[in-house]
Every structure is written in structure tokens, then in C-alpha cells.
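Let's take a walk through this protein together, with the sequence and the 3D view side by side. We will begin at a loop, move into a sheet, and finish where two domains meet.

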Amino acid sequence: MTPSNLAIGVDVGGSSIKCALVDLDTGAFASERFSAPTPAHDSTETLLAALATVVANIPGTHAVGLAFPSVIRGGIVRTAANLNKAWIGQPLAKLAADHLHRPVIAINDADAAGVAELRYGAARGVPGTVLLLTLGTGIGSALFVDGKLVPNTEFGHLEVKGQEAELRASGRVKVEKNLSWDEWAGELNLVVNTMHALLWPDLVVLCGGITEEPEEFLDKLHCEARLVVGALRSEAGIVGAALATALG
Ligand code: BGC
């Protein structure tokens with residue numbers, strides 16, 4: 001393995017910052033996975049400091065791919081649905097590079113999960129339209145057309161019967177509203193089928209920690225498109241972030 005086949009993937013989620021060194025040939029972790037709580041509503045400086053502390057667990061000067069729960073255009077944060085609004089307009093890639101002393105590429109977290117599932121996981125080799133949804137603190141989306149990412153789709157904010165999709169069926173909502181699997185799957189059915197009616201995807205991939213228990217909900221979901229859970233589960237964001245360093 002040459003050093004250029006390795007990159008650090010960092011996934012900043014609403015609740016935790018996770019990172020690992022990733023072998024880009026296989027998508028497998030080449031180090032232990034490290035994590036720390038996300039100070040999501042603290043200052044940008046506090047979050048950057050937390051990021052630096054977690055990434056410092058991985059020695060070397062490998063490039064860093066940073067998955068962030070925001071629209072990211074040209075390395076700049078454009079939205080902050082579940083973060084301190086002070087992030088809006090911040091040059092994340094540059095700020096993180098200054099703190100981590102390594103080159104940094106920043107990408108939306110769901111787009112990161114999507115590129116990982118497309119390269120190594122459940123959407124590998126799938127032609128046509130692929131919709132990936134991450135069901136964590138919010139709902140993130142990644143849309144692919146014949147393997148090409150349409151970046152920064154924000155379908156988690158789509159209004160579904162008068163309420164934002166991510167306020168109906170995110171992993172966080174299941175916990176906070178203490179929904180049963182049946183109740184949560186009912187909400188997710190509404191969300192997925194509303195998106196289906198607008199996009200007509202060939203495949204829908206569900207990701208995020210909550211999808212580690214597919215036996216609890218997968219057979220309760222009904223969609224005309226093929227619907228699967230991601231192969232990389234909650235690690236997709238880390239792997240895709242690392243891969244983003246090689247995609248340019
Ligand atoms: C944000 C997205 C993000 C998703 C998952 C949403 O609230 O607007 O940018 O991908 O949460 O973290």
C-alpha cells in the first residue's frame with residue numbers, strides 16, 4: 001500500500017465527531033476509529049478545537065476529508081440547520097486546514113456517505129438515479145445520476161404533509177419522541193414515498209446509526225424503488241470524506 005492510498009476521513013455529525021484513517025483502495029479503516037462529542041451549538045472555534053483533538057489521534061500528514069452537516073460550496077459553509085448559525089459563511093476547509101496542519105477538503109456529510117456507498121457499498125455499479133438518505137440528527141440526502149453526484153441536495157428539509165422530513169423521521173426524532181419502530185417506520189414511509197414521487201429513483205439507500213438494526217424496520221417500509229440499508233452503515237461518512245480527498 002502506498003501512502004497516497006490513505007486519507008483521513010472525519011465525519012462531523014450533530015452528536016459526534018468521528019474519524020479514522022481509510023484505505024482508499026478498499027474503503028476499509030486503516031486505523032482505529034476515534035470519536036468525541038460535537039459541540040454543535042458552541043462557537044466555531046470550540047468545534048474546530050474539538051476537531052483538532054480527535055484528528056490528532058492519527059499520526060502523519062495524510063490529507064483530510066471533512067464531512068460536515070451543511071451545504072458546502074467551495075469549502076465554505078452555506079447552511080447550519082443543526083449547528084451554531086455562526087458557521088454560515090465560514091471558510092471551513094481553510095479554517096480546518098489551519099487547525100489540523102494538513103490539507104483539507106470539505107464536503108456535505110450525506111454526500112460523503114453517498115460517494116462511499118457508491119464506490120464501496122450498496123450502490124456500487126448501480127446505474128440510473130440513486131437516492132441516499134442519512135437518518136441521524138437531521139436527514140441528509142445524496143443524489144446520483146449514473147454515478148455522478150448532484151451535490152448539496154437538501155431533501156431532509158422537504159416539507160412532507162406540513163412538516164419538514166427531518167422533523168418526522170430522523171434517528172434523533174425517533175429517540176426524542178420515543179417513537180416505536182412501527183411509528184417511526186410509518187413516518188419514514190411518508191418521507192421516502194414523498195421523495196420517490198418527486199425523483200423516481202431506481203434505488204434508495206438508507207444510512208446512519210439507526211440503520212444498524214434493519215430487522216426492526218426494513219420490512220415495514222414500502223416503496224416502488226428498491227430500498228436497502230447502506231453496506232457501510234454509520235461508517236459511510238468517514239469513508240466518503242476520506243475518498244473526497246481523492247475525487248478533487
Ligand atoms: C442538513 C444537511 C445534512 C443533514 C444530515 C440537515 O439538517 O441541512 O446539510 O446533510 O442534516 O446531517
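Is Glu224 buried or exposed? This is a predicted model, so the answer is computed from predicted coordinates. Glu224 has a relative accessible area of 65%, and because exposed means over 50%, Glu224 counts as exposed. You will find Glu224 in the loop between β14 and β15. Leaving aside neighbours within four places in sequence, Glu224 is in contact with His196 and Trp200. Asp202 is 22 residues away from Glu224 along the chain, with 8.7 Å between the C-alpha atoms of the two.

**Into the sheet**

From that loop, step back to strand β14, which spans residues 203-207. Here the picture is one of cover: 5 of the 5 residues of β14 are buried. Leu203, Val205 and Cys207 point one way, Val204 and Leu206 point the other way, and all are buried. This fits a general pattern: in a regular strand, side chains alternate between the two faces of the sheet.

β14 pairs with β9 and also with β15. The strand pairings are set out here.

| Strand pair | Residues of the partner named second | Sense | Bridges |
|---|---|---|---|
| β14 and β9 | 129-135 | parallel | 5 bridges |
| β14 and β15 | 226-229 | parallel | 4 bridges |
| β9 and β10 | 139-145 | antiparallel | 7 bridges |

Individual residues help to place these pairings in the view. Between β9 and β14, Leu133 stands opposite Leu206, and Thr134 stands opposite Cys207. On the β15 side, Val204 of β14 has Leu227 as its bridge partner.

Now follow β9 itself. Why can β9 be called largely enclosed by the rest of the structure? The reason is that 7 of its 7 residues are buried. Thr129, Leu131, Leu133 and Leu135 point one way from β9, while Val130, Leu132 and Thr134 point the other way, and all are buried. A hairpin of 3 residues then leads from β9 to β10. Thr134, already met opposite Cys207 of β14, has Gly140 as its bridge partner in β10.

**Where the domains meet**

Let's zoom out. The domain assignment of the protein gives domain 1 as 3-111 + 236-247 and domain 2 as 124-230. Taken over C-alpha atoms, the centres of domain 1 and domain 2 are 23 Å apart.

How many residues of each domain are in contact with the other? Domain 1 brings 11 residues and domain 2 brings 14. The size of an interface is often given as the accessible area lost when the parts come together. For domain 1 and domain 2 this buried area is about 910 Å², and carbon and sulfur atoms give 47% of that area. Of the area that domain 1 buries against domain 2, 55% is supplied by Asn82, Ala110 and Asp111, more than by any other three residues.

As for polar features, there are 4 residue pairs in polar contact across the interface of domain 1 and domain 2, with both residues at pLDDT 80 or more. On the side of domain 1 that touches domain 2, β6 (72-73) and α3 (109-120) each supply at least two residues. The count of salt bridges between domain 1 and domain 2 is 0.

To retrace the route, we went from exposed Glu224, through the buried residues of β14 and β9, to the area of about 910 Å² buried between domain 1 and domain 2.

Note on methods. Residues are numbered from 1 along each chain as its sequence is written. This is a predicted model: local features need pLDDT of at least 70, side-chain atom pairs count only at pLDDT 80 or more; totals for chains, interfaces and linings use all residues. Side-chain values use heavy atoms; hydrogens and water are left out. Buried means under 20% relative accessible area, exposed over 50%, partly exposed in between (1.4 Å probe, protein chains only). Two strands pair if DSSP finds at least two bridges between them. Domain bounds come from an automatic or database domain assignment. Contact means heavy atoms within 4.5 Å. Buried area is the accessible area (1.4 Å probe) that two parts lose on being put together, summed over both. A salt bridge is a side-chain nitrogen of Lys or Arg within 4 Å of a carboxyl oxygen of Asp or Glu. A polar contact is a pair of N or O atoms within 3.5 Å; within protein, one must be able to donate a hydrogen and the other to accept it, and residues adjacent in sequence count only if both atoms are side-chain atoms.
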